[in-house]
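Thank you for coming, everyone. I would like to go through one structure with you this morning, moving from a single loop to the helices, the cores and a few backbone details.

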Amino acid sequence: MNKLTGLKPHKVFEYFEKLSSIPRGSGDMKKVSEFCVEFSKEHSLKYIHDDSNNVIIYKDATKGYENSPTVILQGHLDMVCQKDEGVDIDFEEDGLDLYIDGEFIKAKGTTLGADNGIAVAYALAILDSEEISHPALEVVFTTDEEIGMCGAMDLDMSKLSGRRMINMDMEGESTITISCAGGSDFGVSIPVVRNKISSKAISISIRGLKGGHSGVEINSGRVNANVLMARILDKVKNYDGFSLINISGGDKGNAIPLMSNADFVVEDTEKAVEEISLYAQLIKDEIAFREPDFKFEITVCGEKEWNVIGEDISRKIVYILLCTPNGVVDMSKEIDNLVETSLNLGILKTEENEITLLHTLRSNKKSALKFMEDKLKTFYECIECTITTGGHYPPWEFKSDSVMQDKYKEVASDILGFEPECVAIHAGLECGVFSSALDGLDCISVGPDMYDIHTTSERLNIESAKRVFDIVCEVLKRCK
């Protein structure tokens with residue numbers, strides 16, 4: 001603690017550091033939710049704490065703002081927990097190890113959780129202040145946003161009277177987000193039968209890819225480790241005796257996998273190693289510009305008895321990983337440079353009796369999202385499997401007559417010296433859930449400069465965090 005002492009605004013970074021000391025990975029919301037409840041009690045603020053661990057905190061308007069429209073401030077409590085190999089941290093018990101690196105705040109060996117801890121810190125600092133002028137506030141902290149916006153989907157929206165909202169879950173002070181994609185999760189479970197075989201085995205490890213957010217970075221050319229592994233295995237899948245032992249990569253549906261592992265057997269081990277070594281090096285040279293830190297390791301394990309997956313299913317698994325749709329599917333014809341539809345094979349996991357896959361689907365159009373689900377269902381007819389879909393969340397459609405857009409642009413121009421650009425994004429935001437439930441909601445999404453979210457390179461620009469906080473406070477002041 002106290003790594004951020006001296007940074008301004010003091011309360012923002014004080015609360016950000018407190019949040020960083022609390023485990024708050026998606027699905028582990030109790031402690032951070034209780035922290036927000038205790039904050040409400042300590043400040044004598046009315047609150048609601050629901051069964052999904054969402055927290056709504058209410059604060060009365062300051063003097064002179066009693067008749068102004070209520071404003072909702074919103075962010076999510078959970079973070080994506082990723083760590084570098086060898087980092088000793090238990091995300092269910094341990095806080096993050098923050099440090100300052102020049103102009104940035106980072107966390108040693110892990111994701112930083114500025115997505116979306118900075119929004120929570122902003123809101124707590126505003127609730128804590130007696131100096132900031134504002135209308136009546138409804139501060140909404142939702143849970144499990146990173147795994148399907150579960151908290152927002154469960155929230156009782158009737159508890160909100162506001163129809164103006166500032167969501168603070170974006171990265172980049174030079175933009176105001178005004179529309180976003182909807183999405184869903186598409187899960188596949190493939191049963192496997194194993195048999196024992198005495199043989200040498202080959203182990204392949206892929207490391208060093210950039211990974212990244214599967215919405216924000218899906219069109220940046222970042223390589224999906226699971227798809228890349230399939231590309232390598234395709235060179236040997238038709239060898240005699242090819243049988244998988246394990247193939248796994250990625251642990252978050254909304255993060256592009258940055259590592260993957262595969263273990264398999266073939267009859268001619270020496271020839272297989274030679275072939276995949278040459279091909280992996282070819283790939284390394286091919287993607288060097290966009291993935292400069294990519295590395296692979298190929299190891300031969302000594303002869304022993306292995307519990308392998310049957311040859312036919314093993315080959316079909318490689319085929320599926322190689323051919324399944326992945327990445328950008330379609331670009332918008334209405335908004336320049338906007339990815340309209342995409343999907344990401346974020347999780348691949350091998351267990352004793354099944355192999356599971358999770359695709360995260362996104363689209364700014366409901367019909368396109370449904371078509372992609374139908375297309376995947378048709379594709380997976382090539383193999384015996386069980387399909388599940390869930391985590392559906394709606395897109396957020398553009399509002400042309402937005403008061404909040406105009407106020408934010410006006411204030412940001414004064415503070416930044418330029419007018420932020422209004423953009424639509426391909427990532428999902430809780431704004432879609434709120435706007436679909438609150439008729440007439442006037443909403444914007446903003447945030448400071450952050451980079452490489454959902455990766456262990458995640459970093460928050462300190463001065464940008466201050467500027468955006470100042471903008472939000474001034475917008476509230478002008479909502480009279």
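**A loop, two helices and two cores**

Let me begin with Asp60, which, once neighbours within four places in sequence are set aside, is in contact with His134, Pro135 and Ala136. Please keep in mind throughout that this is a predicted model. Asp60 sits in the loop that runs between strand 2, residues 55–59, and strand 3, residues 71–76, and with a relative accessible area of 66% Asp60 is exposed. If you look across the model to Ile387, which is 327 residues away from Asp60 along the chain, the two C-alpha atoms are separated by 48 Å.

Pro69 is also found in the loop between strand 2 and strand 3, and Pro69 is partly exposed, its relative accessible area being 37%. Not counting residues up to four places away in sequence, Pro69 touches Pro135, Arg164 and Cys479; Pro135, you will recall, is among the contacts of Asp60 as well. The C-alpha atoms of Pro69 and Arg163 are separated by 7.7 Å, although these positions lie 94 residues apart in the sense of their separation along the chain.

Let me turn to the helices near the start of the chain. How do helix 1 and helix 2 cross? The axes of helix 1, residues 10–20, and helix 2, residues 30–42, come within 10 Å and cross at roughly 140°, which makes helix 1 oblique to helix 2. The residues that meet are Tyr15, Lys18 and Leu19 on the helix 1 side, and Val32, Phe35 and Phe39 on the helix 2 side. By class, this contact divides into 5 nonpolar residues, no polar residues and 1 charged residue.

Which residues of helix 1 are buried? They are Val12, Phe13, Tyr15, Phe16, Glu17, Leu19 and Ser20, so that Tyr15 and Leu19 appear both in this buried set and in the contact with helix 2. As a general point, an α-helix has 3.6 residues a turn, so residues three or four places apart point the same way. Helix 2 is one part of what covers the buried residues of helix 1, and the cover also includes strand 4 (98–101), strand 5 (104–107), helix 3 (114–128) and helix 11 (462–477).

That brings me to the interior. In soluble globular proteins, nonpolar side chains tend to be buried together. Here the largest nonpolar core has 68 residues, and within this core Ile166 and Tyr408 touch the most other members. Helix 3 gives the largest share of this core, 11 residues. Ile166, leaving aside neighbours within four places in sequence, is in contact with Ile72, Leu73, Gln74, Met404, Ile444, Val446, Val472, Val475 and Leu476. Apart from this core lies another, of 48 residues, and its members include Ile190, Ala225, Met372 and Tyr380.

How many disulfides does a search of the whole structure find? The search finds 0, and two cysteines illustrate the point. The sulfur of Cys36 is 16 Å from the closest cysteine sulfur, that of Cys81, and this is too far for a bond; Cys36 itself counts as buried, at 0% relative accessibility. For Cys422 the closest cysteine sulfur belongs to Cys443, at 12 Å, again too far for a bond, but Cys422 counts as partly exposed, at 27% relative accessibility.

I will finish with the backbone. Most residues other than glycine have a negative phi, and most peptide bonds are trans. Against that background, the peptide bond from Lys8 to Pro9 is cis, with omega near 0°, and Pro9 is found in the segment before helix 1. The peptide bond from Asp115 to Asn116 is likewise cis, with omega near 15°, and Asn116 is found in helix 3.

Two residues other than glycine have a positive phi that I would like you to look at. Phi of Ser44 is near 55°; Ser44 lies in the loop between helix 2 and strand 1, residues 46–49, and is exposed, with a relative accessible area of 68%. Met149 has a positive phi of about 55° and is found in the loop between strand 6, residues 137–142, and helix 4, residues 150–154, but at 2% relative accessibility Met149 counts as buried.

Conventions: Residues are numbered from 1 along each chain as its sequence is written. This is a predicted model: local features need pLDDT of at least 70, side-chain atom pairs count only at pLDDT 80 or more; totals for chains, interfaces and linings use all residues. Side-chain values use heavy atoms; hydrogens and water are left out. Axes are lines fitted to C-alpha atoms, for helices over the stretch in contact, and angles run from 0 to 180 degrees between N-to-C directions. Helices (H or I, at least four residues) and strands (E, at least two) are DSSP runs, numbered from the N terminus. Angles under 35 degrees count as roughly parallel, over 145 as roughly antiparallel, 65 to 115 as roughly perpendicular and the rest as oblique. Contact means heavy atoms within 4.5 Å. Ala, Val, Leu, Ile, Met, Phe, Trp, Tyr, Cys and Pro count as nonpolar, Asp, Glu, Lys and Arg as charged, and the others, Gly among them, as polar. Buried means under 20% relative accessible area, exposed over 50%, partly exposed in between (1.4 Å probe, protein chains only). A disulfide is a pair of cysteine sulfur atoms within 2.5 Å. A nonpolar core is a set of buried Ala, Val, Leu, Ile, Met, Phe, Trp, Tyr and Cys residues joined through side-chain atoms within 4.5 Å.
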